[in-house]
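Subject: Structure for your review

Dear colleague,

Please find below the structure that I am handing over to you. I would be grateful if you would keep it open while reading the notes that come after it.

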Amino acid sequence: MTEGDDNDHQALAQKYMGEIKEVLMTAQENPDTVSREEDLIKQQEIYSKLSTYYDHSAQEIFGYKGHILTGQHAVRLYPNNKDIKILDFSAGTGLVGEELTKHGFQNIYGIDINKESLATAQKKDCYKGLYLM
């Protein structure tokens, strides 16, 4: 990725994250006037746009480390049982599944409500199954 690409991704990521925040804040501030279904549809449209470069944006631009912490926690909980079945609820683009695989876990299943994010996760080849909710 070139510096120009990184700047483009950063600008788009900030735009889409801002849109998500706006939807969430509007729903929080005006719960009686905002349709929850409408909010969900808006969120999913934004996540669909963001899915192709979410991993880079979340980690490099916004400093996301949740997937790393999840992997470390799983190793502490199950140091001798890498065959346990794990459900990655809200799997998104598969950052957690990818991290768990690095730690030797193999029976990972993911579920999410965004098909574009799941398509990105599928490419990582770290899930036994991915399911659209």
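The notes below take the pocket, the strands and several individual residues in turn. Please bear in mind that this is a predicted model.

The largest pocket

The largest pocket holds about 350 Å³ of space. Helix 2, strand 1 (85-89) and helix 5 (95-102) are the elements that each give two or more residues to its lining. In total, 19 residues line the largest pocket, and those nearest its centre are Ser90, Ala91, Gly92, Thr93 and Asp112. By character, the lining of this pocket comprises nine nonpolar, eight polar and two charged residues.

The paired strands

Strand 1 and strand 2 run parallel and are joined by five bridges. One bridge pair is leucine 87 with tyrosine 109, the latter being in strand 2. Strand 2 covers residues 107-112, and because five of its six residues are buried, this strand is largely enclosed by the rest of the structure.

Glutamine 44

Helix 2 spans residues 36-50 and includes glutamine 44. Is this glutamine 44 buried or exposed? Its relative accessibility is 15%, and the cut-off for a buried residue is under 20%, so glutamine 44 counts as buried. The side chain of glutamine 44 forms a polar contact of 3.0 Å with the side chain of asparagine 114. When residues up to four places away in sequence are not counted, glutamine 44 touches Ile113 as well as Asn114.

Glycine 71

Glycine 71 belongs to helix 4, which consists of residues 66-77. With a relative accessible area of 0%, glycine 71 is buried. Which residues does glycine 71 contact, leaving aside its neighbours within four places in sequence? They are Glu99, Leu100 and His103. For one of these, glutamate 99, the C-alpha atom is separated from that of glycine 71 by 5.7 Å, although the two residues are 28 residues apart along the chain.

Helix 3 and the residue after it

Helix 3 is formed by residues 54-61, and its buried residues are Asp55, Ser57 and Ala58. Glycine 63, just after helix 3, adopts a positive phi of about 75°.

When you view the model, the contact between glutamine 44 and asparagine 114 and the contacts of glycine 71 with Glu99, Leu100 and His103 can be found from the residue numbers given here.

With kind regards

Terms used
Residues numbered from 1 in each chain as written. Predicted model: local features only at pLDDT ≥ 70, side-chain atom pairs only at ≥ 80, totals over all residues. Heavy atoms only, no water. Helix = DSSP H or I, 4+ residues; strand = E, 2+ residues; numbered from the N terminus. Buried < 20%, exposed > 50% of the residue type's maximum accessible area, 1.4 Å probe, protein only. Contact = heavy atoms within 4.5 Å. Polar contact = N/O pair within 3.5 Å; in protein donor to acceptor, adjacent residues only side chain to side chain. 1 Å grid on protein atoms, 1.4 Å probe; cavity = no way out; pocket = protein on both sides within 12 Å on 5 of 7 lines; lining within 4 Å. Points joined across faces, edges and corners; volume = space filled by probe spheres on them. Nonpolar A, V, L, I, M, F, W, Y, C, P; charged D, E, K, R; others polar. Pairing = 2+ DSSP bridges.
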